[in-house]
Amino acid sequence: MEELNYYDTDEGTPQGGIMSPTLCNVALNGLEELLKKENPRRRDSSPGVHLIRYADDMIITGKTQEIVLKNKRILSEFLAERGLVLNEKKTVVTHIKEGFDFLGFNVRRMKQNSRYNKATEQETVLIIKPSAKGILKLKNKVREIITINKPIQRIISDINPVLRG
């Protein structure tokens with residue numbers, strides 16, 4: 001749509017439509033198997049590589065930075081064979097202790113302290129919490145919904161789906 005006028009398009013898929021994630025899954029089919037093949041298990045140990053994917057958002061973890069960079073190259077080649085390109089602006093190679101944002105959450109590993117349960121023998125704990133960007137986005141949505149002239153019943157019915165996610 002442009003200025004409330006609808007125009008047919010010859011390319012692309014509607015944002016939020018069922019075709020976009022379906023096409024993404026078709027295009028990325030085989031990536032998990034490729035990473036397993038390129039990172040074989042050694043005797044009694046993990047290959048050190050894991051893929052977490054939600055449609056076109058993904059995390060590739062590795063035991064070392066070299067492993068992660070190798071798999072980033074493998075991913076870029078895999079995408080190139082399909083006419084796709086890795087978005088370098090959205091791609092981050094970082095240590096888990098530094099943390100990263102994924103799907104509105106911040107994930108990082110921290111040293112245990114008195115604030116966290118010390119029931120385990122681990123020195124560190126994995127912390128997953130809403131990202132600063134995600135919190136800001138939610139606050140802005142809530143501000144848009146809550147207005148002085150709106151009846152409270154309408155505010156409640158509008159805000160509940162936002163708060164539930």
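This is a short talk on the strands, the pockets and a handful of individual residues in one structure.

Before anything else, please keep in mind that the model on the screen is a predicted one, and that what I say about it should be heard with that in mind.

Let me begin with the strands. There is an open sheet made of three strands, which follow one another in the order β3-β4-β5, and the pairing within this sheet is antiparallel. The two edge positions are taken by β3, residues 100-102, and by β5, residues 124-130; each of these has a single partner strand, so one side of each is left without a neighbour in the sheet. Going from one strand to the next, the twist averages 30 degrees. If we look at the pairing between β4, which covers residues 105-111, and β5, we find that seven bridges join the two strands, which run antiparallel, and as a point of reference within that pairing you can take K111, which stands opposite T124 in β5. For those thinking about side-chain placement, it is worth recalling that in a regular strand the side chains alternate between the two faces of the sheet.

The other pairing I want to show is that of β1 with β2, which is also described as antiparallel and extends over six bridges. Here the residue pair to look for is I52 and, opposite I52, I59 in β2. These two strands form a hairpin with two residues between the strands, and that brings me to the backbone.

Which residue of this hairpin takes a positive phi near 55 degrees? The residue is A55, placed in the loop between β1 and β2, and A55 has this positive phi although it is not a glycine. The general background is that most residues other than glycine have a negative phi. With a relative accessibility of 27%, A55 counts as partly exposed, because buried means under 20% and exposed means over 50%. A second case is L103, again not a glycine and again with a positive phi of about 55 degrees, and this residue is found in the loop between β3 and β4. L103 is likewise classed as partly exposed, at 40% relative accessibility.

Now to the pockets. The largest pocket has a volume of about 1900 Å³, and of the 47 residues that line it, those closest to its centre are D56, D57, M58, K90 and F102. The elements that give two or more residues to this lining are α1 (19-28), β1 (49-54), β2 (57-62), α3 (65-80) and β3, and among the contributors β2 gives the most, with six residues. Sorted by class, the lining of the largest pocket comprises 22 nonpolar, 16 polar and nine charged residues.

What volume does the second largest pocket have? The value is about 470 Å³. Its lining consists of 14 residues, and G134, L138, K141, V162 and G165 lie nearest the centre. Two helices, α4 (132-145) and α5 (152-164), each supply at least two residues of that lining, with the largest share, six residues, coming from α4. By class, the lining of the second largest pocket divides into seven nonpolar, three polar and four charged residues.

I will finish with three single residues. In helix α3 we have N71. Is N71 buried or exposed? Its relative accessible area is 0%, so N71 is buried; setting aside residues up to four places away in sequence, N71 touches L35, N39, V49 and I60. Also in helix α3 is E77, which, at 41% relative accessibility, counts as partly exposed. Measuring tapes aside, the computed C-alpha to C-alpha separation of E77 and I59 is 17 Å, for two residues that are 18 apart in sequence.

The last residue is S46, in the loop between α2 (31-38) and β1. S46 counts as partly exposed, at 24% relative accessibility. Leaving aside its neighbours within four places in sequence, S46 is in contact with R41 and K63. For the second of these partners we also have a backbone distance: the C-alpha atoms of S46 and K63 are separated by 9.6 Å, and the two residues lie 17 apart along the chain.

Key:
Residues numbered from 1 in each chain as written. Predicted model: local features only at pLDDT ≥ 70, side-chain atom pairs only at ≥ 80, totals over all residues. Heavy atoms only, no water. Pairing = 2+ DSSP bridges. Helix = DSSP H or I, 4+ residues; strand = E, 2+ residues; numbered from the N terminus. Axes fitted to C-alpha atoms, helices over the stretch in contact; angles between N-to-C directions. 1 Å grid on protein atoms, 1.4 Å probe; cavity = no way out; pocket = protein on both sides within 12 Å on 5 of 7 lines; lining within 4 Å. Points joined across faces, edges and corners; volume = space filled by probe spheres on them. Nonpolar A, V, L, I, M, F, W, Y, C, P; charged D, E, K, R; others polar. Buried < 20%, exposed > 50% of the residue type's maximum accessible area, 1.4 Å probe, protein only. Contact = heavy atoms within 4.5 Å.
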